[in-house]
Amino acid sequence: MKLKIAILLFIIILNNACDVSQEGTDCSLVDCAIGQLFSVELIDNDGNNLITNGTYAISEISITNNESEIDLIPFNSNDFLNFIVENKSGESIYTIRFSESEIDTLNLNLVELDQASVCCGPYYAVQSATYNGANYEILTNNNDDFFKITVVK
């Protein structure tokens, strides 16, 4: 008899623990990615990285978007200019300042990706990139969460 009461009590507790009115994903438990990472590799005509060889120093380079400074992100190595792009569809213009006399322009065109996540997003892919008016091939990884162009200066 005590076993039947214990089983019945367990079933009642288990039934009350599952609240079907709160179905779905608890988004407070999900850690979403911070944004879309983009990298610019700067090389000379011989393929030498201009940051690695000391032509440019990351500490002296600034990137702005809509007059707001963008933080450069250390990622694997400091051979590239790594930053998070603005999360919006359409064209975003970035100004890359190497010095008072050397200022470049990067235009990125982003498109919104189809989303499977309830909690995170929207996410965007870089569809096209121009650097100082020239079109560049965009290199991606398998997950489409990292985009890079290589610029010959």
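Here are some worked exercises on the predicted model shown above.

The structure is a predicted model, in which local features need pLDDT of at least 70, side-chain atom pairs count only at pLDDT 80 or more, and totals for chains, interfaces and linings use all residues. Residues are numbered from 1 along each chain as its sequence is written, and side-chain values use heavy atoms, with hydrogens and water left out.

**Exercise 1. The overall plan**

State which secondary structure elements the protein has, and how much of it is buried.

*Solution.*
Step 1. Begin with the elements: the protein has one helix and ten strands. Helices (H or I, at least four residues) and strands (E, at least two) are DSSP runs, numbered from the N terminus.
Step 2. Put them in sequence order, and the pattern reads α-β-β-β-β-β-β-β-β-β-β.
Step 3. Turn to burial: 28% of the 153 residues are buried. Buried means under 20% relative accessible area, exposed over 50%, and partly exposed in between (1.4 Å probe, protein chains only).
Step 4. Add the surface: about 10,200 Å² is exposed, and carbon and sulfur atoms supply 50% of that area. These areas come from the Shrake-Rupley method with a 1.4 Å probe; for residues, only the protein chains shown count as cover.
Step 5. Finish with the contacts, which are heavy atoms within 4.5 Å. Among contacts with a separation of 6 or more, 49% link residues 24 or more positions apart.

**Exercise 2. The six-stranded sheet**

Trace the order of the open sheet and find its edge strands.

*Solution.*
Step 1. Walk across the sheet: the order is β3-β2-β5-β6-β7-β8, with antiparallel pairing. Two strands pair if DSSP finds at least two bridges between them.
Step 2. Look at both ends, where β3 (68-70) and β8 (134-136) each pair on one side only.
Step 3. Check the twist: neighbouring strands of this sheet are turned by 35° against each other on average, direction ignored. The axes are lines fitted to C-alpha atoms, for helices over the stretch in contact, and angles run from 0 to 180 degrees between N-to-C directions.

**Exercise 3. Strand β2 and its two partners**

Work out how β2 is joined to β3 and to β5.

*Solution.*
Step 1. Take the β3 side: three bridges join β2 (residues 62-65) to the antiparallel strand β3. Ile63 has Ile70 as its bridge partner there, and Asn65 has Ser68.
Step 2. Follow the chain between the two strands: they form a hairpin with two residues between them, and Asn66 in the turn has a positive phi of about 55°.
Step 3. Cross to the β5 side, where four bridges make the antiparallel link with β2. Here Thr64 is the bridge partner of Thr95.

**Exercise 4. Two asparagines**

Describe the surroundings of Asn49 and Asn107.

*Solution.*
Step 1. Locate Asn49 in the loop between β1 (37-43) and β2. Asn49 counts as buried because its relative accessible area is 12%.
Step 2. Inspect its side chain, which reaches the backbone nitrogen of Thr52 at 3.0 Å.
Step 3. List its contacts, not counting residues up to four places away in sequence: Asn49 touches Glu41, Leu42, Ile43, Asp79 and Phe80.
Step 4. Move to Asn107, in strand β6 (residues 103-112). Its side chain makes a polar contact of 3.3 Å with the side chain of Glu91. A polar contact is a pair of N or O atoms within 3.5 Å; within protein, one must be able to donate a hydrogen and the other to accept it, and residues adjacent in sequence count only if both atoms are side-chain atoms.
Step 5. Beyond four places in sequence, Asn107 touches residues including Ser92, Ile93 and Ser128.

**Exercise 5. The core**

Which residues of the largest nonpolar core touch the most other members?

*Solution.*
Step 1. Define the set: a nonpolar core consists of buried Ala, Val, Leu, Ile, Met, Phe, Trp, Tyr and Cys residues joined through side-chain atoms within 4.5 Å.
Step 2. Pick out the best-connected members: of 27 residues, Phe38, Val40, Leu42 and Leu106 touch the most others.
Step 3. Assign the elements: β1, β4 (81-84), β5 (90-97), β6, β7 (124-131) and β10 (146-152) each give two or more residues. The largest share, five residues, comes from β7.
Step 4. Zoom in on Leu106: leaving aside neighbours within four places in sequence, its contacts include Phe38, Val40, Phe83 and Ile149.
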